[in-house]
Amino acid sequence: MYEEPTRSGKRLVFLDAAASAPKPRVVIDAVADMYSHHYANVHRGIYELSEDATARFEGARRAVARFLGAPSEREVVFVRNATEAINLVAYSWGRANVGPGDRIVTTQLEHHANIVPWQQLCREVGATLEYVAITDDGRLDMDDLRARLEPRAGQPLRLLAVAQVSNALGTINPVAEITEMAHAAGALALVDAAQSAPHMPIDIKEIGCDFLAVSGHKMLGPSGIGALWGRRELLEAMPPFMTGGSMILRVTLEGAEWNSVPHKFEAGTPAIAEAVGWGAAIGYLESLGMDRVREHERYLFEHAWKALSGVEGVRLLGPADPEIHAGVISIVMDEIHPHDVATIFDSEGVAVRAGHHCAQPVMIRYDIPATTRASFYVYNDLDDVEALAGAVQTARTVFGV
Ligand SMILES: Cc1ncc(COP(=O)(O)O)c(C=O)c1O
């Protein structure tokens, strides 16, 4: 973790991994090593350096496939981030498979990345987008979900898109169960794993979904690299999202023939060193063990929840049950705007995110403008939880609540 003191002279207590995680030395070294000794463009050079770069880049794809429990690395498409992964599905699969009168269901706890692409798609093709409601304590309302999966004459359900972990509430959704329900209703299931893959063991085969989106930067990897995993037959049937170099087999003046998956979806020079850095981040997380990562964050969550939930004037969002709450705590303080709370926290060296967290429908649901969000990761400890609790007390003192 960064060793430089903060503006206040206090040690940095970094509680904003949910926005983007800091990078461990092994990742920084892997990126530097790639640029220093192995860098060339991939998939095109007939010379040693390019073959070396290609092998390292493809090694990263294998690491992502292994980490996610994907049946094959050929189903892993490198993209910039989870947002691009979801957009790829919305543009490519969506425009080819969703039509007038069709329905897509997502939920009210999604990040905008899992809402806006579906809004755009539905608007364009004349389909309807529905949202599964959330309960007062931030869980998906499963009765509402069931009702939305009921068959409706002339309105087939095409896709259910859901986050495994809510970035605004911390809720862990039962995605395997939801995927099964979607399939029973004749729909495909897309899982947004941007906030789950970094923090808990995940296995695509167990989840059983059709598409899954992740970002490298939230799991200790570089920014600018992420992945879409998709079932092979779906990816093969989908038209390309972007066209140009690398994604073709043959181009004539009349037209072009697409490359095989995943390359069909990787037009242009990819984020080569970033992919390799992400591979190193995955190796690092695997060496810690994702079960242990989850246990650690659960431990910190339980302590933080206990320390904050009794405090007067403080409301915590999301489920109290640590089994279904990841290491993300959204705090609402009576009569203090979350930006002011975060500013006070900052003066204590505690870095959190304040805002709507790109999940404005969650704010609308709870009738709040924003929250102050603390999120934990592998480098945090009980001292950090104490610093968070101390910062809450400081905010109360400063604002006299
Ligand atoms: C649940 C969730 N989905 C998607 C995203 C989008 O990730 P990115 O900005 O890396 O595309 C985020 C980012 O915060 C997120 O929390």
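Trainee: Which residue stands opposite Val77 in strand 8?
Mentor: This is a predicted model. Strand 2 and strand 8 pair in the antiparallel sense, over 4 bridges. In that pairing, the residue of strand 8 opposite Val77 is Leu228.

Trainee: Which residues of strand 2 point the other way from Val76 and Phe78?
Mentor: Strand 2 covers residues 76-79, and Val76 and Phe78 point one way from it. All of these residues are buried, whichever way they point. Pointing the other way are Val77 and Val79.

Trainee: How many bridges join strand 7 to strand 8?
Mentor: Strand 8 covers residues 226-230. Strand 7 and strand 8 run antiparallel. One facing pair is Val214 and Ala227, the latter in strand 8. The number of bridges joining these two strands is 5.

Trainee: Do strand 6 and strand 7 run parallel or antiparallel?
Mentor: Strand 6 spans residues 188-192. Its link to strand 7 consists of 3 bridges. Val191 stands opposite Leu212 in strand 7. The two strands run parallel.

Trainee: Why is strand 7 largely enclosed by the rest of the structure?
Mentor: Look at both sides of the strand. Phe211, Ala213 and Ser215 point one way, Leu212 and Val214 the other, and all are buried. Strand 7 is largely enclosed because the buried residues number 5 of the 5.

Trainee: Is Met219 buried or exposed?
Mentor: Met219 sits in the loop between strand 7 and strand 8. Buried means under 20% relative accessible area. Met219 has a relative accessible area of 1%, so it is buried.

Trainee: How far apart are the C-alpha atoms of Met219 and Phe57?
Mentor: Along the chain, Met219 and Phe57 are 162 residues apart. In space, their C-alpha atoms are separated by 18 Å.

Trainee: Which residues are closest to the ligand?
Mentor: The ligand is surrounded by 13 residues. They divide into 4 nonpolar, 7 polar and 2 charged. The closest are Thr83, Asp192, Ser215, His217 and Lys218.

Trainee: How much of the accessible area of the ligand does the protein cover?
Mentor: Start with the polar side chains. An N or O atom in the side chain of Thr83 is 2.5 Å from an oxygen atom of the ligand. For Gln195, a polar side-chain atom lies 2.7 Å from a ligand oxygen, and for His111 the distance is 3.4 Å. Of the 390 Å² that the ligand has on its own, the protein covers 91%.

Trainee: Why do the buried residues of helix 6 line one face of the helix?
Mentor: Helix 6 covers residues 175-184, and its buried residues are Val175, Ile178, Thr179, Met181 and Ala182. They line one face because, seen down the helix axis, they fall within an arc of 160 degrees.

Trainee: Which exposed residues does the face of helix 6 turned away from its buried side carry?
Mentor: Begin with the helix pattern. An α-helix has 3.6 residues a turn, so residues three or four places apart point the same way. On helix 6, the face turned away from the buried side carries Glu180 and Ala184.

Trainee: Which residue does a cis peptide bond join to Val261?
Mentor: At this bond, omega is about 5 degrees. The partner lies in the loop between strand 10 (256-258) and helix 9 (272-288). The residue joined to Val261 is Pro262.

Trainee: What is the relative accessibility of Ser246?
Mentor: Ser246 is in the loop between helix 8 (232-237) and strand 9 (248-251). Its phi is near 75 degrees, a positive value in a residue other than glycine. Ser246 counts as partly exposed, at a relative accessibility of 28%.

Trainee: Is Glu335 buried or exposed?
Mentor: Glu335 is in the loop between strand 12 (328-333) and helix 11 (338-347). Its phi is positive too, near 65 degrees. Exposed means over 50% relative accessible area. With a relative accessible area of 78%, Glu335 is exposed.

Trainee: What distance separates the C-alpha atoms of Thr128 and Val105?
Mentor: Thr128 belongs to strand 4, residues 128-132. It is partly exposed, with a relative accessible area of 32%. Thr128 and Val105 are 23 residues apart along the chain, and their C-alpha atoms are separated by 8.4 Å.

Terms used. Residues numbered from 1 in each chain as written. Predicted model: local features only at pLDDT ≥ 70, side-chain atom pairs only at ≥ 80, totals over all residues. Heavy atoms only, no water. Near = heavy atom within 4 Å. Polar contact = N/O pair within 3.5 Å; in protein donor to acceptor, adjacent residues only side chain to side chain. Areas by Shrake-Rupley, 256 points an atom, 1.4 Å probe, with all protein chains shown as cover. Nonpolar A, V, L, I, M, F, W, Y, C, P; charged D, E, K, R; others polar. Buried < 20%, exposed > 50% of the residue type's maximum accessible area, 1.4 Å probe, protein only. Pairing = 2+ DSSP bridges. Arc of directions from axis to C-beta.
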